[in-house]
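Work through the following exercises with the sequence and the model side by side, and try each task before reading its solution.

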Amino acid sequence: MTLAPHEQLPDHDRPPDPRPASARVRRARTTPPWWFALPALLLFAFVVLVPSVRGVYYAFTDWDGLDPHFSFVGLGNFSDMFRDSDAVQAVWHTLLIAVSITVIQNAVGLGLALGVNTAIKSRNVLRVFLFAPAVITPIVTAYLWRNLLGPDGAVNSLLGAAGLDSWQQDWLGSPRLALWAVVGVIVWQFAGYSMVIFLAGLQSVPKEVHEAAAIDGAGPVRRFWSVTRPLLAPAFTINLMLSIIGGIKLFDQVYALTGGGPGHATDTLSTLIYKDAFTLGEFGYSIALAVVLTIIVAVFSTGEYLVLSRNERAAS
């Protein structure tokens, strides 16, 4: 049999590709080779992975940050950490701040979102006003509130002008109040950020669902709990994840507001890492603290994500 130049015998050993030829060509054109990502991966490994692995190695040494000669101490830094009352207290403060910020900030943010998700005429102005603190640099916010909460600051002046002299406090100088003053500053700054995420979730809820629930006789509280809350599951996941991770890693505001004081009343793992490394020169010990901080972030964020994603799937 003679074939024309443009013809060929069919290949019976290879199954035909079910996709049309145009789809195969389009896929070949739109799928870039994997090695396009190789430069970025190499840069990431050089800047992040290699220093991280090397840092973990230093956590098992007595390196002081300057001397090229140091000794391998094994788990000595970690065992010292559990005997160090300041480190144990810093872990407790870190978890207390993270949980407090997560609960209070998201409760306030959700309340604000519900308030501005209405037909009031000033809702757009209120949204901008409430979100504005979140765009201010954290260190600027901390120094602002450091002046406001000082013994002669505006907060005590307002309390005195209102006749509430007994309420006047050294808010950042009291071991009993300083930690909660820090929490209050963080909530003030980032509650508007949580509000925006909740507001986006609220605006994605179909109005027909609320109208149907109202026709069935459900009141505002019942509609929120049974209709709105399940549909806000993705917003809850995002907000709670951001809050818990940010709270555990918190450093800027604590250091600018109190420096970890008075005494060690507001020290977190982040501030203690800074002090041990750059004040005491105990780099090996400070890196061991950083490793523990990394493990805490990984455990809490992973556990929270698994719980929230399961709830999100159940709500959908």
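The exercises below go from the whole chain to single residues.

The model is predicted, so that local features need pLDDT of at least 70 and side-chain atom pairs count only at pLDDT 80 or more, while totals for chains, interfaces and linings use all residues. Residues are numbered from 1 along each chain as its sequence is written, and side-chain values use heavy atoms, with hydrogens and water left out.

**Exercise 1. The whole chain**

Task: Find how many helices and strands the protein chain has, and what share of its residues is buried.

Solution: Begin with the elements, where helices (H or I, at least four residues) and strands (E, at least two) are DSSP runs numbered from the N terminus. Counting them gives 14 helices and 0 strands in the protein chain. Next, take burial, where buried means under 20% relative accessible area, exposed over 50% and partly exposed in between, with a 1.4 Å probe and protein chains only. Of the 316 residues in the protein chain, 34% are buried. Finally, turn to contacts, which are heavy atoms within 4.5 Å. Among the contacts between residues at least 6 apart in sequence, 66% join residues at least 24 apart.

**Exercise 2. Annotated regions and the model**

Task: State which residues the UniProt annotation "transmembrane region" covers, and compare two of these spans with the helices of the model.

Solution: The unreviewed UniProt entry places this annotation on residues 34-60, 90-113, 125-145, 177-200, 231-251 and 283-308. Positions from UniProt are given in the numbering used here with shortened feature names, and annotations may be inferred rather than shown by experiment. In the model, residues 90-113 are 100% helix and 0% strand, and the C-alpha atoms at the ends of this span lie 33 Å apart. For residues 231-251, the share is 81% helix and 0% strand, with the end C-alpha atoms 34 Å apart.

**Exercise 3. Two packed helices**

Task: Determine how helix H10 and helix H11 are oriented to each other, and which residues make their contact.

Solution: First, locate H10 at residues 220-231 and H11 at residues 233-248, which pack at an angle of about 60° with their axes 4 Å apart. The axes are lines fitted to C-alpha atoms, for helices over the stretch in contact, and angles run from 0 to 180 degrees between N-to-C directions. Angles under 35 degrees count as roughly parallel, over 145 as roughly antiparallel, 65 to 115 as roughly perpendicular and the rest as oblique. H10 and H11 are therefore oblique to each other. The contact is made by Arg229, Pro230 and Leu231 of H10 together with Ala233, Pro234 and Phe236 of H11.

**Exercise 4. The loop before H13**

Task: Describe where Asp267 lies, and decide whether Asp267 is buried or exposed.

Solution: Asp267 is in the loop between helix H12 (252-257) and helix H13 (269-278). The relative accessibility of Asp267 is 1%, which means that Asp267 counts as buried. The side chain of Asp267 has a polar contact of 3.1 Å with that of Lys275; such a contact is a pair of N or O atoms within 3.5 Å, where, within protein, one must be able to donate a hydrogen and the other to accept it, and residues adjacent in sequence count only if both atoms are side-chain atoms. Leaving aside residues up to four places away in sequence, the residues that Asp267 touches include Gln89, His93 and Leu272. Pro262 belongs to the loop between H12 and H13 as well, and a cis peptide bond, with omega about 0°, joins Gly261 and Pro262.

**Exercise 5. Helix H13 and Ser270**

Task: Find how many residues of H13 are buried, and which backbone oxygens the side chain of Ser270 reaches.

Solution: H13 is mostly covered, with 8 of its 10 residues buried, among them Ser270 and Lys275. Ser270 has a relative accessible area of 10% and is therefore buried. The side chain of Ser270 reaches the backbone oxygen of Lys249 at 3.3 Å and that of Leu250 at 3.5 Å.

**Exercise 6. Val183 in H8**

Task: Decide whether Val183 is buried or exposed, and which residues Val183 touches.

Solution: Val183 is in helix H8, and its relative accessibility is 3%, so Val183 counts as buried. Not counting residues up to four places away in sequence, Val183 touches Ile97, Ser100, Ile101 and Ile104. Val183 and Ile97 are 86 residues apart in sequence, yet their C-alpha atoms are 6.4 Å apart in space.
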